[in-house]
Amino acid sequence: MLAVADGAVDLAFTADDLGGQDGLLMPRIMWEEFIKPRHVILNRAIHEFGATVIYHTDGAVMDVVDGLVEMGIDVLQALQFSAAGMDPKRLKEDFGECLCFEGGVSVQTTLPF
C-alpha cells in the first residue's frame with residue numbers, strides 16, 4: 001500500500017494492547033522476544049516510505065515505553081493515565097524529546113460521562 005501511495009501516506013497506524021489496568025499483559029522479556037522484533041521490521045519499512053508510525057496500546061505500559069522508542073515508533077497513542085504508573089509528567093520528561101503523544105482523555109471515566 002505504501003509503495004502504491006507513492007509518498008501520499010503521512011501516517012501509518014499500528015497497534016497491540018500491551019497493558020492492563022495494573023501492568024503489562026506479559027513479561028517484558030516475552031514482549032521483547034515475540035512482539036518487538038516484528039514491529040522493528042514493520043516500522044523500518046514504514047519509515048522507508050516516509051510515513052510516521054503511530055502506535056496504539058492501552059494500559060499500564062510505562063515499563064516498555066523505552067522499548068517502544070527503540071522499535072521505532074514516532075507517536076504513542078491512547079495514553080491511559082488512569083492505569084498504574086502512567087504519569088503524564090514523567091512520560092513527557094523521559095520521552096518527550098523522541099515521542100509525540102496522542103490521547104490522554106479517559107474513555108472509561110471522562111468521555112462516557
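What follows is a conversation about a predicted model and the terms used to describe it.

Reader: What kind of model is this, and how are its residues numbered?
Author: It is a predicted model, in which local features need pLDDT of at least 70, side-chain atom pairs count only at pLDDT 80 or more, and totals for chains, interfaces and linings use all residues. Residues are numbered from 1 along each chain as its sequence is written, and side-chain values use heavy atoms, with hydrogens and water left out.

Reader: How do you know which helices and strands the chain has?
Author: DSSP runs decide it, helices being H or I over at least four residues and strands E over at least two, numbered from the N terminus; the chain has five helices and four strands, in the order α-β-α-α-β-α-β-α-β from the N terminus.

Reader: Why is the chain called as compact as a globular protein of that length?
Author: The globule rule, 2.2 Å times the number of residues to the power 0.38, gives 13 Å for 113 residues, and the radius of gyration of the chain, taken over C-alpha atoms, is 14 Å, close to that value, so the chain is as compact as a globular protein of that length.

Reader: What makes a residue count as buried, and what percentage does so?
Author: Buried means under 20% relative accessible area, with a 1.4 Å probe and protein chains only; by that cut-off, 37% of the 113 residues count as buried.

Reader: What share of the contacts joins residues 24 or more positions apart?
Author: With contact meaning heavy atoms within 4.5 Å, such residues account for 67% of the contacts with a separation of 6 or more.

Terms used:
Buried < 20%, exposed > 50% of the residue type's maximum accessible area, 1.4 Å probe, protein only.
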